[in-house]
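The following report looks at helix packing and sheet architecture in one model. Please keep the sequence and the coordinates at hand while reading.

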Amino acid sequence: MTDSVKNDERTEANEAQIAVHWKEEKYIEPPKSFVEQAILNDPGVRKRFDEKHFPDCFREYADMLTWFKPYTKVLDTSHPPFWKWFTGGKLNACYNCVDRHLDKYRNKAALIFVSEPEDDVPYAMTYQELYVRVNEMAALLKDYCGLKAGDRVTLHLPMTLDLPITMLACARLGVIHSQVFAGFSGQSCGQRIQDSGSHYLITIDAYWRSGKLLDHKANADIAVKTAEAAGQHVDKVLIWQRYPGKYSAKTPLVKGRDVFVNDVLKDYKGKRVEPAHMDAEAPLFLMYSSGTTGKPKGCQHRTGGYLAYVAGTSKWIQDIHPEDTYWCMADIGWITGHSYIVYGPLALAATSVIYEGTPTYPDVGRPWRIAERLGVNIFHTSPTAVRALRRLGENVPKMGPQKFKHMTTVGEPIEPKAWHWYFDQIGKGKAVIVDTWWQTENGGFLCSTIPALDKMKPGSAGPALPGIYPVILDDNGKELPKGSGIAGNMCIRNPWPGIIQTIWGDDQRFIDTYYRRFCKYPKSKDWRDWPYMSGDGAVDAPDGYYRILGRIDDVINVSGHRLGTKELENACLTVPEVSEAAVVPVVDEIRGKVPEVYVSVPASVTDRAAVAKKVIKACEDIIGKIARPSKVHVVPDMPKTRSGKIMRRVLASISNKRDIGDVTTLANPEVVEKIRVQVQGK
Ligand code: WTA
């Protein structure tokens, strides 16, 4: 099948058209007060990072780290597209995020934990205390679990301090952590345990979410069962306690398998573990992300390049000084949290805030009260959160006089209306905004304005970061002229230190997903022949600012989180009555896009409401609550091409109330009108 036919049958080929096309906005100058104190204020940086200086320019990032052994080569391209960064070098990510700060910042807050119940007093963990806890946990992982460099461990932890402590303890030993977002179901977690080949699952008994203390240990039981059914044995489940010394879940412990971390830790009090000297290319962690097939991809990040890239971008784009109080409201279970709550900020000796709960709990003023109480001056969140807080929080004065100098958005396009509200009402016109575009696979930001050097343009992510050379290609791989304003495939021409090494255990999928389509000479050893395909559609304006239009593959971006339509469809198909399933993205005022589900059932099935309920439950159980479809349409048949492919594009048009277009070439055009009436009414 040719690509053009395949594309025609995909809804997502049309995502660029669904994306909001707002008009070009006027530039806004970064506030003077910000510029005066900014770390990166030398316009010479663009020249230092231009193509003539690639890849050596990235030494500037690597030099922000402490190396046990200096690297001998910046970039090794001998085996495209498996780039190697800073080869010959040895370092330890935990050492860089903790130990090296002790001399200067021993008793400065590294992490401040804010629990969801508002009466709890925030807890500031100093670098010294973090050092102690990470060492004890590393000793436990090493001696009690017998884990060593290169082993994988799955974490299914919510936003408490146990999560960064566990991650850093793994990094100290060179153990590869694979943290699964706590909101994912036990089954999702189990699938990732199996794929990564983990023998240990580290979880927690319970955590607070929207006013409820959730029993999280129940998910561990499902996860282990799922992993074992898929052939992966789990030796032990290590359970942190939300309230140490107390068990806050109802699910009973499994004898011989489940242990409380705090009980075992008693044997490791005061223990210290030497940080392992890891190769720059040693994998640091896996982060599973949705793709175009039903199976999530284990994005494998390297130690040296990744850490250098997140340290560099945290410093230059987030403008994090050690004196700042920085709060990224994302979850550490996603890449944003790994890069911009834990590794980037801690590599810079920042104070990074961790909030356990829902931003709108108990009301929309919560984030601003937290910011006020802790004196947060750098704030980082998603457009979905901005839109929700805007809609629900008209009464701005109640939000308090927090004094942000810098604000970030990430994960989705932010429309100018929401941007202006964020700038005026939350930043009070005094905070610079960066709209950062990047992906799980990228490690760190790829497009954003440099906050003190570039003017802001609401609705555009901005130019590429230093050392990143994008290109927009049409569907035939032809370069669109710079500044053409024509939508095409957003690609990056060059490798950069934050890119993943591969997809865990699946090199071929790595090549196929990101490189195959636009690599003209697969035998070439020249990086210039290997553009990275992001899977996003984009346009660039004559000023070099990129506007990201959204996914052009089978991925839906819901509230800034990636959901694979195939994963959802597979979940729907587990309901016995369902014969076929199709998931389409529907524009949503707050969440950007939401998934709507179409399922067809045989005529003999009469209780359609019951089927819809089962479909919702299947999506929640198999993937997690974030995958809950906004609507389920139980239809008699799907619109299909003559070759039998479901026309998701037609269903998406119906759900989005767009023009359905010509359907006369379908095998069953008459069903389209039936579905339209069912969904939209007469
Ligand atoms: C989308 C999140 C527009 C994009 C860091 C990308 C954005 C996907 C932006 C990656 C932005 C991310 N403007 N769209 N500033 N940032 N995206 O892997 O479609 O969870 O491909 O990484 O989010 O999502 P992921």
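A residue is called buried if its relative accessible area is under 20%, exposed if over 50%, and partly exposed in between, with a 1.4 Å probe and protein chains only. The model is predicted, so that local features need pLDDT of at least 70 and side-chain atom pairs count only at pLDDT 80 or more, while totals for chains, interfaces and linings use all residues. Residues are numbered from 1 along each chain as its sequence is written, and side-chain values use heavy atoms, with hydrogens and water left out. Helices (H or I, at least four residues) and strands (E, at least two) are DSSP runs numbered from the N terminus.

In helix 15 (residues 366-374), the buried residues are R366, P367, W368, I370, A371 and L374. Their cover includes strand 4 (109-114), strand 16 (325-328), strand 17 (351-355) and strand 18 (378-381), together with helix 16 (383-392) and helix 17 (416-426). After helix 15 comes G375, which has a positive phi near 70°.

Helix 9 (residues 162-173) packs with helix 14 (residues 335-347) at an angle of about 60°, their axes being 12 Å apart. Axes are lines fitted to C-alpha atoms, for helices over the stretch in contact, and angles run from 0 to 180 degrees between N-to-C directions. Helix 9 and helix 14 are therefore oblique to each other, given that angles under 35 degrees count as roughly parallel, over 145 as roughly antiparallel, 65 to 115 as roughly perpendicular and the rest as oblique. P164, M167, L168 and A171 of helix 9 make the contact (heavy atoms within 4.5 Å) with H338, V342, Y343 and L346 of helix 14.

Two open sheets are set out below; strands pair if DSSP finds at least two bridges between them.

| Strand order | Pairing | Edge strands |
|---|---|---|
| 21-22-24-25 | antiparallel | strand 21 (470-473) and strand 25 (546-551) |
| 12-11-8-6-7-14-15-23 | mixed | strand 12 (258-260) and strand 23 (502-503) |

In the sheet of 4 strands, the twist averages 45° from one strand to the next. Strand 24 (residues 532-540) pairs with strand 25 in the antiparallel sense over 5 bridges, and V539 lies opposite R547 in strand 25.

In the sheet of 8 strands, strand 11 (residues 236-240) and strand 12 run parallel and are joined by 3 bridges, with V237 opposite D258 in strand 12. Helix 10 (residues 186-196) packs on this sheet, touching strand 6 (152-155), strand 8 (200-204) and strand 14 (283-289), and its direction makes about 175° with that of strand 6.
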